[in-house]
Amino acid sequence: MTTHRVAILADIHGNMPALRAVLEDLERQPPDEILIGGDLVGRGPQGSAVVAEIRSHGWPCVRGNHEDYLLAFHQNRVPENWWLEPEWSAARWMAAELSAADFVFLDSLEMTMTAVSAPGLLLTHGTPRSHSEGLGPWTTDDKLKRLLAALDHKVLACAHTHRQMSRRVAAQRVVNVGSVGLPFNGDRRAQYAVFDWDGSEWTTRLRQVEYDIDEILRIYDTSGFSAAGGVTADLLRLEITHASPFLVPFLKWSEALGVSPTTDRIEPFLDLYDPGEPVQEFFIRLEASVLDHLRRSGR
Ligand SMILES: [Fe+2]
Ligand SMILES: [Fe+2]
């Protein structure tokens, strides 16, 4: 019987201490194949080091939306204000941290790939149709069924939402491998997934590995990312320490209030925002409170 082990790592987001911890964990149960699920870069200070590590092993890799964000800066395809506004300073810093060779590699990445030596496992960053469409615990069975019906594969492995998930849908399975460098599921450990093929079936294990969070937060400072990244770096620090989203909820909050997203507004934002609450519920609550405010002010 042919057996085969595939490990999939995704959403590393420029966090080398987290990546190293996962690689050490893998040494204890060596896979036959390692695949990378995209978002190597962005939302973290060590994009170039992560790209170098992945390339040194020659591990195949799919493209994430954060590869495209930073490529847009590198190729000067961003709106003029993104070069000027403080809220984009972290992205500018992260794009400048990557070398021309890093960008050539990132621009070569495909949207999907299959495991090389075992059949029926398809990897994509978001979904097969978009690297920016996320599958998470909130995704309905109906939607998963529709997505999987279009595929011949037994397993669809994905990432992007930074939340681990393994769900059976009829004879197929969707596995979100979670995030190595920036989990959003309340668990601060670095997360990835291992798939074992026994010759007829895949079995999945979602892994969580302790790593030195203080080390990556020190690197935020020593690399210059904290100083250059302003409010975005401040919010990413909160994301790492709470394993929950802060950046997008903060930006939506400031947009809804019509105020600029500056560091001094993080405190009032935190009065309203509970990182343990599902983000969609926060957005609904936010909309209701803005409507209420508009009604009271007679607009
Ligand atoms: Fe990501
Ligand atoms: Fe992503």
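This briefing walks through a bent helix, its packing partners and a few backbone angles that stand out.

The model is predicted, so local features need pLDDT of at least 70, side-chain atom pairs count only at pLDDT 80 or more, and totals for chains, interfaces and linings use all residues. Residues are numbered from 1 along each chain as its sequence is written, while chains are lettered from A and ligands numbered from 1 in the order in which they are written.

**The bend in helix 8**
- Helix 8 covers residues 225-242, and its 18 residues put the end C-alpha atoms only 19 Å apart, short of the 26 Å that a straight helix would reach. That expected span is 1.5 Å times one less than the number of residues. Helices here are DSSP runs of H or I with at least four residues, strands are runs of E with at least two, and both are numbered from the N terminus.
- A kink of about 100° is centred on V231; the bend is the angle between axes fitted to the seven residues ending at a residue and the seven starting there.
- Just after helix 8 comes A243, with a positive phi near 50°.

**What surrounds helix 8**
- The buried residues of helix 8 include V231, the centre of the kink, along with F225, L235 and E239. Buried means 20 or more other C-beta atoms within 10 Å of a residue's own, exposed means 12 or fewer, and partly exposed is in between, with C-beta atoms placed from the backbone.
- Their cover includes helix 4 (89-97), helix 7 (213-222) and helix 9 (247-257); contact means C-beta atoms, placed from the backbone, within 7 Å.

**Two packing partners**
- Helix 7 packs on helix 8 at about 165°, with axes 10 Å apart. That makes the pair roughly antiparallel, a word for angles over 145 degrees, with under 35 roughly parallel, 65 to 115 roughly perpendicular and the rest oblique. Axes are lines fitted to C-alpha atoms, for helices over the stretch in contact, and angles run from 0 to 180 degrees between N-to-C directions.
- Residues of helix 7 including I213 and Y220 meet a set in helix 8 that includes F225 and I240.
- Helix 4 packs on helix 8 at about 140°, with axes 7 Å apart, which makes helix 4 oblique to helix 8.
- S89, A90 and W93 are the helix 4 residues that meet helix 8, where their partners include G229 and G230.

**Positive phi in two loops**
- Most residues other than glycine have a negative phi.
- D39, between strand 2 (33-36) and helix 2 (47-57), has phi near 55° and is buried, with 31 other C-beta atoms within 10 Å.
- N76, between helix 3 (65-74) and helix 4, has a positive phi of about 55° but counts as exposed, with 7 C-beta neighbours inside 10 Å.

How values were computed. Contact = placed C-beta atoms within 7 Å.
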